[in-house]
Amino acid sequence: MGIQKQVGQPVSRLEGKAKVTGTAKYAAEYNVPGLLYAYVVNSTITKGKILSIDTDVAKAINGVVDILTHDNRPKLAWFDLQYADMDAPPGTVLKPLHDTDVKFYGQPVALVVANDLETARYAATLVKVEYEKDAYATNLTDNLKEARPAKKGMATALKPPPPAPVGDFVDAYAKAPFKVDATYQHGTEHHNPMEMFATTTVHEGDGKLTIYDKTQGTINNQLFVANVFGLSYKDVRVLAPYVGGAFGLGLRPQYQLFLCVMAALHLKRNVRLTLDRQQMFALGHRPQNLQQLRFATDESGKLSATAHSAFVETSNYEDYTEVISGWSHKLYPSPNTLFQYNVVPLDTPTPIDMRAPGGSTALHAIECTMDQLAYALNVDPLELRLRNYADIDSSTGNPFTSKALRECYLSAAERFGWSERDPRPGSMTRGNKLVGYGMATGIWDAYQFPSRVKATITAEGKLIIDNAVTDIGTGTLTVMTQIAADELGLSLEDVTFAYGDSKKPFSMFQGGSSTTSSTGVAIVMAANALKKKLLKIAKGLDGSPFSKADVADLVFRNGGISLVNEPSVFISFVSLVASNKGRPISTTNMGRPHMLKLRKYSKMTHSASFVEVEVDKELKVITVKRAVTAVAAGTIVNPKTATSQISGSMVWGISKALHEETITDPNLGKYMNTNLGEYHIPTHADIGQLEVIFADEKDEMINELGIKGVGEIGLVGMPAAIANAIFHATGKRINKLPIHFDELLDDN
């Protein structure tokens, strides 16, 4: 008998014990000899120029080694390329300590380096900066007149502009019997991962650096450092085996990486730079946005006209964009469309991808508009979506590689008890609580990126898989080990997945729900090549029973190979390596998406979310009591880690709908609640019963494993489902997120 198949099994995280016992090391926890500590001095104005920086008092503190500013920074290579990393939007990247210009509140203006952290932090308070202030703009709605189309750049392929209009929207909308015109507004949200951003740079000498960094892309940061500082790629090594949360914030190299490396090269010393929680609020956020949707249907409830316009914040030095306006056309076909997307440059840091960027923003507006249409038509909201169900992607005219969204609707509705819903707003109660049911659809791209994997059979018959990918807490280590184990018929204990190191074979950054399909497929490619190598060695043995066999004639099981038709014929990997003069048997191969094969198909993951809320009749306090999300994502490699991903996304959806908001003071142009006491995120008490269902979706076209990502699909439908449930409970539509209880209070 062979070893049980691992793909499809609910395997617990292999690194779980290391994390909960504290043996897993993060970027700021590596023991490095002779370590110096750096601390950033941030600007205290929103826009203007630095007139002077007085560092004399700070430098006089015992233990301060140096203080770097724009006046005395080393003459190092600089950002000569338009794009300094693989995820940079069009524009000019932030250049810390480059000149006297201040572009946003909290911009780094000096770096204190000392023998210990407390000295560096104290000395930073003694650095005196004199500024000349300029007028600034930080509020989206006050500056819509500055809106313009975004510039095109490297990221355009992943974040394309809205699809071109079709038909005659204006005429169709004017003549439609049922229509909705709604505006939606989202405030700023900030990333707040548990692990704050940190870099430990080890100066190895001779221009060589070893860098421990909090990042979602070791190779991306390696390229960044080499490009910016004029170093050889092979002399820069970036390691990130453990990452305490990122979900978009670690896609781009953050400024602490640049400052830490600059200090290490300048001083020829080992340096660590850790940002504090307040400083984290200058790194990355989901942008403010304003959306206008105009949807119309015919008498039967079929959409006849759809328009979606988005106005989204970007910085004044880069054009960050998201895919917002075109999602409805992928879900619900309409013969007349008009989609627009404009950026509004503001004096803020450049926004950054935040779990389900664009999708969670767009689907809130789209699915609330669909809910409003359902009430106008007096049709069940689920029924309206089924009437507009699309078997093809109407934005391209292409069929989907697979689409089990209908199964998601029906299974989640049954599990939730949607049929028990009284459609009348305010009609369902429980004691002193109003009860509301809401639902929404989710959609997300099924990305796959090129990835290269080295697969090695050792002298002990074990399998080692090498790839530079990170694991930001999603279970990557576990699922990759499962995939590799199945490919060679080994137990999990006999497989080592070595990752989080830029010296290992190429991987894109971990993002876009793409990692399992990208690196997983590369493991399959490497394993297939390794099987051929093993067979070739087996054929070369004297009197080999494998002499006429092909790979298709083999079974890989129990640490060796045997013949399908003669199971008793068996040779171990240990013997094969021994016959290879004891040299490990390895191969390195690339996995890549089938661009030509899939160019005429649409690759999407789908979901359906159903939510029950309670609203206190007097106090209007909102509680999410329970939620069910059904997901169609092809083959599920690990139901346990996948369920964790979806439920985590659902929690984030609750947070986006009801809690998270960064408040900007218009008189200061700064974020005011830059701490976890005042930046509200849900606690355990805020989260009710969550249930996850996976549709039995078979996709034999998407890739060799039939898998799609699940990192973001659980989030996109939740905010709308919650908002729709609140309307059902109260009869009030609130289109501004997050929803505050005071907006439900009676006008008097």
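Lys620, in this predicted model, counts as buried because its relative accessibility is 12%, a value that falls under the 20% limit for that class. The residue is found in the loop between E28 and strand E29 (622–632), and its phi is near 65°, a positive value in a residue other than glycine. A comparable backbone feature occurs at Ala356, where phi is near 60°, again positive in a residue other than glycine. Ala356 is found in the loop between strand E16 (337–346) and H9, and Ala356 is buried, with a relative accessible area of 0%. A further backbone feature is the peptide bond from Leu737 to Pro738, which is cis, with omega near 0°; Pro738 itself is found in the segment after strand E33 (736–737).

Strand E28, which borders the loop of Lys620, also takes part in the charged contacts of the model. The side chains of Lys433 and Glu614 meet in a salt bridge, with a nitrogen-to-oxygen distance of 3.8 Å. Lys433 lies in strand E20 (residues 433–445) and Glu614 in strand E28 (residues 604–616), so the pair ties together parts that are 181 residues apart in sequence. The two partners fall into separate burial classes: Lys433 counts as partly exposed because its relative accessibility is 24%, whereas Glu614 is buried, with a relative accessible area of 7%. This pair belongs to a network of salt bridges that links Arg430, Lys433, Glu612, Glu614 and Arg626.

The structure holds 32 salt bridges, and two others may be set beside the pair just described. The side chains of Asp393 and Lys330 meet in a salt bridge at 3.2 Å, N to O. Asp393 lies in strand E17 (residues 392–393) and Lys330 in helix H8 (residues 327–331), so this contact ties together parts that are 63 residues apart in sequence. Both Asp393 and Lys330 are buried. The side chains of Glu15 and Lys19 likewise meet in a salt bridge, at 3.2 Å from N to O; here Glu15 counts as buried, its relative accessibility being 2%, while Lys19, at 28%, counts as partly exposed.

Helix H9, which follows the loop of Ala356, spans residues 359–377 and contains Asp371. Asp371 is buried, with a relative accessible area of 3%. The C-alpha atoms of Asp371 and Phe694 are separated by 24 Å, and these two residues are 323 residues apart along the chain.

Helix packing can be followed in another part of the chain. Two packed helices are described by the angle between their axes and the distance between the axes. The axes of helix H16 (residues 639–658) and helix H18 (residues 718–730) come within 8 Å and cross at roughly 55°. H16 and H18 are therefore oblique to each other, because an angle from 65 to 115 degrees would be needed to count as roughly perpendicular and one under 35 degrees to count as roughly parallel. The crossing of H16 and H18 is right-handed.

Finally, the surface offers a nonpolar patch of about 250 Å², made by Ile663, Leu668 and Met672. Met672 lies in the loop between strand E31 (670–671) and strand E32 (689–694), and Met672 counts as partly exposed because its relative accessibility is 38%, a value between the 20% and 50% limits of that class.

Terms used. Residues numbered from 1 in each chain as written. Predicted model: local features only at pLDDT ≥ 70, side-chain atom pairs only at ≥ 80, totals over all residues. Heavy atoms only, no water. Patch = residues over 30% accessible without salt bridge, like charges linked within 9 Å, V, L, I, M, F, W, Y side chains within 5 Å. Areas by Shrake-Rupley, 256 points an atom, 1.4 Å probe, with all protein chains shown as cover. Salt bridge = Lys/Arg side-chain N within 4 Å of Asp/Glu carboxyl O. Helix = DSSP H or I, 4+ residues; strand = E, 2+ residues; numbered from the N terminus. Buried < 20%, exposed > 50% of the residue type's maximum accessible area, 1.4 Å probe, protein only. Axes fitted to C-alpha atoms, helices over the stretch in contact; angles between N-to-C directions. Parallel < 35°, antiparallel > 145°, perpendicular 65-115°, else oblique. Left-handed = near helix turned anticlockwise from the far one by under 90°.
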